[in-house]
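Please look through the sequence and the structure shown below. The paragraphs after them go from one helix to its partners, then to the core and the sheet.

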Amino acid sequence: MPEARAASDLLQIGDVADRTGLSLRTIRHYEEVGLLPEPQRSPGGFRLYSPEAVERLLLIKRMKPLDFTLEQMRDLIEIRDELARPRLPGGRRAELTERLRTYHALVEHQLGRLRERVESAEAFARQLGDETV
């Protein structure tokens, strides 16, 4: 169970959806598949999310257009969480940093693919524009 936080720091799922641009269903799904820690609950049983959970959802949202699988998302989140620990042994830090570099290369590759798709779509739009003149 997550550590208790001050109620003023916590957000209900609708507020989280507004802040992240994700649907309620998507937020619940990410929780169900383990990408988000189990949220606290209000006395009335409503989910209450921490600012860290909102940041994690924004990170997941950035990964989605790059075609990350749920497993890759989970792995990258775990790597980043572990790297944030202050007393991580040097060997482990080096191993995790290398894995992070692999994900960075994957992101760069996927960005290249997205740029190609955008360029193709822009060329098509220009072609259609020329045909309507």
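Start with Glu82, which is buried because its relative accessible area is 15%, under the 20% limit for that class. The model used here is predicted. Glu82 is part of helix α4. Once the neighbours within four places in sequence are set aside, Glu82 touches Leu88, Arg92 and Leu96.

One of these contacts is also a salt bridge. Glu82 pairs with Arg92, and their closest N and O atoms are 2.7 Å apart. Glu82 belongs to helix α4 and Arg92 to helix α5, so the pair ties together parts that are 10 residues apart in sequence. How exposed is Arg92, buried or partly exposed? Arg92 counts as partly exposed because its relative accessibility is 26%, whereas Glu82 counts as buried at 15%. The pair does not stand alone, since Glu82, Arg92 and Glu95 are linked in a network of salt bridges.

How many salt bridges does a search of the whole structure find? The search finds 6. Another of them is formed by the side chains of Asp75 and Arg99, at 2.2 Å from N to O. This pair links distant parts of the chain, with Asp75 in helix α4 and Arg99 in helix α5, 24 residues apart. Arg99 has a relative accessible area of 27%, so it is partly exposed. A further salt bridge joins Glu98 to Arg101, with the closest N and O atoms 3.2 Å apart. Here both residues lie in helix α5, 3 residues apart, which is about one turn of the helix. Glu98 counts as partly exposed because its relative accessibility is 43%.

Now take helix α4 as a whole. Helix α4 has 14 residues, and from its first C-alpha to its last it reaches 20 Å, close to the 20 Å expected at 1.5 Å a residue. Which residues of α4 are buried? They are Met73, Asp75, Leu76, Ile77, Ile79, Glu82 and Leu83. Two members of this list, Asp75 and Glu82, have already appeared in salt bridges with Arg99 and Arg92. The buried residues of α4 pack against α3 and α5. Contacts of Met63 reach some of the same residues of α4: leaving aside neighbours within four places in sequence, Met63 is in contact with Phe68, Met73, Leu76 and Ile77.

Met63 leads on to the core. The largest nonpolar core has 26 residues, and those with the most contacts inside it are Val16, Ile27, Tyr49, Leu57, Ile60, Met63 and Phe68. Helices α1 (13-20), α2 (24-32), α3, α4 and α5 (90-131) each supply at least two residues of this core. Which helix gives the most to the core? Helix α3 does, with 6 residues. As a general background, nonpolar side chains in soluble globular proteins tend to be buried together.

Phe68 also takes part in an aromatic pair. A search of the whole structure finds 1 such pair. The ring centres of Phe68 and Tyr103 are 5.9 Å apart and the ring planes are at 20°, so the pair is stacked. The pair links distant parts of the chain, as Phe68 is in the loop between α3 and α4 while Tyr103 is in helix α5, 35 residues apart. Both Phe68 and Tyr103 are buried.

The loop that holds Phe68 lies between α3 (51-63) and α4 (70-83), and Asp67 is found there too. Is Asp67 buried or exposed? Asp67 is exposed, because its relative accessible area is 52%. The phi angle of Asp67 is near 65°, a positive value in a residue other than glycine.

The last element is a sheet. Strands of a sheet pair through backbone hydrogen bonds, either parallel or antiparallel. In this structure an open sheet of 3 strands has the order β1-β3-β2, and the pairing is antiparallel. Strands β1 (11-12) and β2 (40-41) stand at the edges with a single partner strand each, so one side of each is left without a neighbour in the sheet. Strand β1 is joined by 2 bridges to strand β3 (residues 47-49), and the two run antiparallel. Gln12 has Leu48 as its bridge partner in β3.

Definitions and conventions. Residues numbered from 1 in each chain as written. Predicted model: local features only at pLDDT ≥ 70, side-chain atom pairs only at ≥ 80, totals over all residues. Heavy atoms only, no water. Helix = DSSP H or I, 4+ residues; strand = E, 2+ residues; numbered from the N terminus. Buried < 20%, exposed > 50% of the residue type's maximum accessible area, 1.4 Å probe, protein only. Contact = heavy atoms within 4.5 Å. Core = buried A, V, L, I, M, F, W, Y, C linked by side-chain atoms within 4.5 Å. Expected span 1.5 Å × (residues − 1). Pairing = 2+ DSSP bridges. Phe/Tyr/Trp six-rings, centres within 6.5 Å; stacked < 30°, edge-to-face > 60°. Salt bridge = Lys/Arg side-chain N within 4 Å of Asp/Glu carboxyl O.
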